[in-house]
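I am opening a notebook on a structure that is new to me, and I will write down what I looked up, entry by entry.

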Amino acid sequence: MNVPDDLHYATTHEWLRQDAGTGTVGISDHAQHELTDVVFVELPKVGATVQARQQVCVVESVKAASDIYSPVSGTIVAVNDKLTAAPALLNTDPYGEGWIYQLRLEATGEVAQLHTPDQYRAQLAGA
Amino acid sequence: MVDFGGWSMPVQYSGIIDEHHAVRGGLGIFDISHMGQFFVTGEAACAWLNRLLTNNVERLGIGECQYTFLLNERGGVIDDLIVYRIAEERWLLVVNAAKIDENFAWMQARLQGGIDFMDASDEHAGFAVQGPRSAQLFDAFFGGQHRQPARNEILRIDIDGEPYFIARTGYTGEDGFEVFCVAGRAVRAWRDILSRGAAFGIKPCGLGARDTLRLEMCYPLNGSDLSPETTPLEAGLSIFVDLNKPDFIGRAALVAQKAEGVKRRLVPFKMAAPSPPPRAHYGVFKDGVQIAETTSGSLSPSLQTGIGLAYVPTALARAQETIEIDIRGRRFPATIEKKPLRRATA
């Protein structure tokens with residue numbers, strides 16, 4: 001499974017890319033593989049505030065509906081509208097075109113509590 | 001991998017949608033070793049099976065099969081299964097994995113003299129080869145040495161001294177074969193079929209595609225669409241119930257239900273606007289009132305829209321009736337459709 005080195009990971013298989021006070025969130029390669037073909041993404045609302053580990057949106061595969069949890073707290077500033085027409089981007093490019101939303105970080109200190117790539121790899125190896 | 005009736009089984013190999021299209025457009029193979037096999041042998045077997053099952057086994061010639069139900073006294077479904085007449089006085093029943101023990105105990109408790117009744121599930125493996133190219137693979141596999149079974153026919157073909165039962169049946173709506181062999185031959189048979197099928201684009205398929213394919217055809221899944229609380233009449237499957245044959249378990253309840261009028265019907269529906277895929281146990285609404293709960297639901301890879309099944313009041317059980325499906329608190333429009341939701345590949 002692909003676990004890029006420049007990202008932070010939640011135990012619930014979301015990733016966070018931090019750029020100063022802004023974070024971009026998506027699901028990991030492992031998560032998209034486990035979900036199987038993603039056929040629908042219920043995006044969060046821009047302007048909504050979310051808490052770390054709070055359910056923020058739903059990703060549906062043919063198999064099942066899965067909750068997505070925000071890795072960190074903040075205010076949602078953008079969502080990836082492309083996923084409405086092309087939900088399979090989560091499968092084909094989970095770390096790029098398949099990003100789900102961006103948020104303004106409420107407390108950058110939360111980022112340090114997420115898994116490092118090595119920790120996340122260890123989690124996957126143990127799973 | 002998921003647990004399915006006590007078996008660890010793959011949901012998918014290459015992907016549910018990919019596997020689904022392989023079966024609709026070409027060829028797929030499913031491991032159905034989880035399914036149960038019972039053998040019933042004896043002079044009295046025919047009458048005994050007719051007393052336990054809803055369809056009329058007397059109609060079967062040697063090598064023929066039929067879809068049928070095992071009912072409780074209330075007319076509720078214990079299991080749906082296929083019964084094959086493999087010899088004049090020998091029958092093969094293929095039952096659902098999760099129901100093997102329950103079915104066997106139910107039947108064993110009602111066993112009569114002169115019948116040999118055996119659960120051979122553990123000793124048998126099974127595969128379903130499904131898709132419009134199945135017949136081509138059959139001929140390539142056997143090099144024209146064996147004739148193909150006809151629709152709903154089962155043949156015994158011996159390979160290296162071991163018997164293989166090959167039936168022209170399936171759960172996808174496509175042409176295809178179901179093969180049962182001794183478990184020790186399973187891995188080799190699976191590899192042989194995959195290797196000979198490569199020229200026809202065969203793909204291994206998991207439980208995910210098995211579900212989307214059967215749902216498009218509106219084939220019920222026991223435990224979801226059928227249960228001890230639902231009857232075959234409510235499920236719209238009365239053609240597999242022969243009320244004119246001698247008495248069978250559940251018959252009195254079905255006759256009474258028919259006389260009173262069947263109050264609800266299992267119908268397929270299709271989402272009428274973009275929506276998340278419906279799932280089992282979602283609320284079904286009509287004019288703001290909940291009238292049912294879905295029993296199955298999924299995205300249909302062929303139709304590219306959400307589809308499902310639900311038991312709705314008989315008055316609403318007609319094609320083009322509009323309903324709403326509650327998906328996480330939001331209601332999305334859907335229409336009731338005729339069976340099947342998708343026709344088999346011509």
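**Entry 1: a strand of chain B.** I note at the outset that this is a predicted model. I began with a single pair of residues, and found that Thr41(B) stands opposite Arg90(B), the latter in strand S7 of chain B. I then looked at the two strands as wholes: S4(B), residues 36–41, and S7(B) pair in the antiparallel sense, and six bridges hold this pairing. I turned next to strand S6(B), residues 77–87, which runs antiparallel to S7(B) and is joined to it by five bridges. Within S7(B), Leu92(B) is the bridge partner of Tyr84(B), and the link from S6(B) to S7(B) is a hairpin of two residues.

Is S7(B) largely enclosed or not? I checked residues 90–95 and found five of the six buried, so the strand is largely enclosed by the rest of the structure.

**Entry 2: two helices of chain B.** I looked up how helix H1(B), residues 16–25, lies against helix H6(B), residues 207–217, and found that their axes come within 8 Å and cross at roughly 55°. The two helices are therefore oblique to each other, and H1(B) passes H6(B) in a right-handed crossing.

Which residues make the contact? On the side of H1(B) they are Ile16(B), Glu19(B), His20(B) and Val23(B), while H6(B) brings Gly208(B), Ala209(B), Thr212(B) and Leu213(B). I sorted the residues of this contact by kind, and they divide into four nonpolar, three polar and one charged.

**Entry 3: backbone angles in chain B.** I kept in mind that most residues other than glycine have a negative phi, and that most peptide bonds are trans. I found that His281(B), although not a glycine, has a positive phi of about 70°. His281(B) sits in the loop between strand S14(B), residues 264–271, and strand S15(B), residues 283–286, and it counts as exposed because it has 11 C-beta neighbours inside 10 Å, where 12 or fewer is the cut-off.

I made a similar note for Arg328(B), which is not a glycine and yet has a positive phi of about 50°. I placed Arg328(B) in the loop between strand S18(B), residues 322–327, and strand S19(B), and with 10 C-beta neighbours inside 10 Å this residue counts as exposed.

I then looked at a peptide bond, the one from Lys339(B) to Pro340(B), and found it to be cis, with omega near -15°. Pro340(B) belongs to the segment after S19(B), whose residues are 330–336.

**Entry 4: a glycine of chain A.** I moved to chain A and located Gly47(A) in the loop between strand S4(A) and strand S5(A), the latter being residues 49–50. Is Gly47(A) buried or exposed? I counted 8 other C-beta atoms within 10 Å, so Gly47(A) is exposed. Leaving aside neighbours within four places in sequence, I found Gly47(A) in contact with Thr75(A) and Ile76(A). The C-alpha atoms of Gly47(A) and Gly74(A) are separated by 9.6 Å, and these two residues are 27 residues apart along the chain.

**Entry 5: where the chains meet.** I ended with the two chains together, and found ten residues of chain A in contact with 13 residues of chain B. On the chain A side, the elements that give two or more residues are strand S4(A), residues 38–42, and strand S6(A), residues 55–61. S4(A) gives the most, with three residues. I sorted this side of chain A by kind as well, and its residues divide into five nonpolar, one polar and four charged.

Notes:
Residues are numbered from 1 along each chain as its sequence is written. Chains are lettered from A and ligands numbered from 1 in the order in which they are written. This is a predicted model: local features need pLDDT of at least 70, side-chain atom pairs count only at pLDDT 80 or more; totals for chains, interfaces and linings use all residues. Two residues are in contact if their C-beta atoms, placed from the backbone, lie within 7 Å. Helices (H or I, at least four residues) and strands (E, at least two) are DSSP runs, numbered from the N terminus. Ala, Val, Leu, Ile, Met, Phe, Trp, Tyr, Cys and Pro count as nonpolar, Asp, Glu, Lys and Arg as charged, and the others, Gly among them, as polar. A residue is buried if 20 or more other C-beta atoms lie within 10 Å of its own, exposed if 12 or fewer, and partly exposed in between; C-beta atoms are placed from the backbone. Two strands pair if DSSP finds at least two bridges between them. Axes are lines fitted to C-alpha atoms, for helices over the stretch in contact, and angles run from 0 to 180 degrees between N-to-C directions. Angles under 35 degrees count as roughly parallel, over 145 as roughly antiparallel, 65 to 115 as roughly perpendicular and the rest as oblique. A crossing is left-handed if the near helix is turned anticlockwise from the far one by less than a right angle, and right-handed if clockwise.
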